[in-house]
Amino acid sequence: MLVVAEREQLPVAQARAGDTAAWDTLFHRYQLPLYVYVFELVHDEQTSLDIVQESFINAARHIGSLREDAKFGSWLFGIAHQKCIQRWRKQARDEALREELAAAPPDFEDDPAEFLIRAEQEAEFMKLLNQLPPAQRSVLLLHFVEEFSLEEIAGITGAQLGTVKSRLHYAKKALRNILET
Amino acid sequence: MKTPRELFFERHRTAEPKLDTLRQKTIAGLAKAPAVNSRTRPSAPRSSWRDLLWSLRWHLAGLSAAWLVVLVLNIDHSQAPSPVLAKQNIPSPQQLLTALRENRRQVLEMTGARAVAGVLEARPRSEVAAAVKMA
């Protein structure tokens, strides 16, 4: 089982007090997951690095707006998510992000480990992931990379809980089809 | 077999040196500007005040400049002697005459020329004429 941010003892309080070593620890903890998330959404290395850095700077600048220290991870991902959306808007490519699935959210198993990918499936997995609409891809990445809960994903993406459930369900279903073949 | 997380991390592991550099740069920036890490939470009203002040920055700068000009002018004004004060510093002719007489008397006392002093002393014309008659 993965250890996620909310269960870790992260020095958020120290960072809040201006301790740069604490910030270094926090940034080190999240730099790769955040980069993975951003890169898989924007598909450009330099843009991803820029967004990660801007997210770190914004986090340091607005740490006062974080209500619960335990939510630092989802809060940081929320900042990065907003920056991705800003980039999309700049590029006038937000149509796909706005798509809403009308179907009622079905129940599903909330276990990222249910997907185990064989070496020969990796390329196919990544290809399919990139074919998903950005909104579904975003939900799936947050689920896979940091094991955020549905509520947290809803908070990060600014979507309704039902919408998040629905997006995750359909994204997983599409992936499962690939992995079962 | 890998989990999606493991797969993602493996794919992007090569970006870690760049991320390390980026993190160090960000931390260096934070160290230079420690005020950024304020413990106090910026409330919405404070934020709106900041926005308001920021939007009025040129007006405030103009007003500050105007006040500075007024201050400078006031300082120059106070440094110049006022005409009234200048007038007060000039002694009257009577004071000058008195000072002159006193000065002359002291000189004569010091030189011991008492006899000459009587001649030299300025007297009213009537006294001078009486003295000449008596002589």
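Biologist: What makes the crossing of H3(A) and H2(B) right-handed?

Modeller: In this predicted model, local features need pLDDT of at least 70, side-chain atom pairs count only at pLDDT 80 or more, and totals for chains, interfaces and linings use all residues. Residues are numbered from 1 along each chain as its sequence is written, while chains are lettered from A and ligands numbered from 1 in the order in which they are written. As for your crossing, it is right-handed: the near helix is turned clockwise from the far one by less than a right angle (anticlockwise would be left-handed).

Biologist: Why are H3(A) and H2(B) called roughly parallel?

Modeller: The axes of H3 (residues 45–61) of chain A and H2 (residues 16–32) of chain B cross at roughly 30° and come within 10 Å. Helices here are DSSP runs of H or I with at least four residues. Angles under 35 degrees count as roughly parallel, so H3(A) and H2(B) earn that name. Among the residues making the contact are Phe56(A) of H3(A) and Leu22(B) of H2(B); contact means C-beta atoms, placed from the backbone, within 7 Å.

Biologist: What classes of residue are in the contact of H3(A) with H2(B)?

Modeller: There are 8 nonpolar, 2 polar and 1 charged residues.

Biologist: How many residues does each chain bring to the contact between chain A and chain B?

Modeller: Chain B gives 27 residues and chain A gives 34. On the chain B side, the largest share, 9 residues, comes from H2(B).

Biologist: Now chain A by itself. How do you know that Glu147(A) counts as buried?

Modeller: Glu147(A) has 21 C-beta neighbours inside 10 Å. Buried takes 20 or more other C-beta atoms within 10 Å, exposed 12 or fewer, with partly exposed in between. Glu147(A) is therefore buried. Its place is in the loop between H7 (134–146) and H8 (150–157) of chain A.

Biologist: And what makes His43(A) exposed?

Modeller: His43(A) has 10 other C-beta atoms within 10 Å, so exposed is the right word. His43(A) sits in the loop between H2 and H3 of chain A.

Biologist: What value does phi take in His43(A)?

Modeller: Phi of His43(A) is near 55°, a positive value in a residue other than glycine. Glu147(A), also not a glycine, has a positive phi of about 55°. Most residues other than glycine have a negative phi.

Biologist: Which residues touch the most other members of the largest nonpolar core?

Modeller: Among its 48 residues, they are Leu34(A), Tyr37(A), Val38(A), Ala80(A) and Leu142(A).

Terms used:
Axes fitted to C-alpha atoms, helices over the stretch in contact; angles between N-to-C directions. Helix = DSSP H or I, 4+ residues; strand = E, 2+ residues; numbered from the N terminus. Parallel < 35°, antiparallel > 145°, perpendicular 65-115°, else oblique. Contact = placed C-beta atoms within 7 Å. Nonpolar A, V, L, I, M, F, W, Y, C, P; charged D, E, K, R; others polar. Core = buried A, V, L, I, M, F, W, Y, C linked by C-beta atoms within 7 Å.
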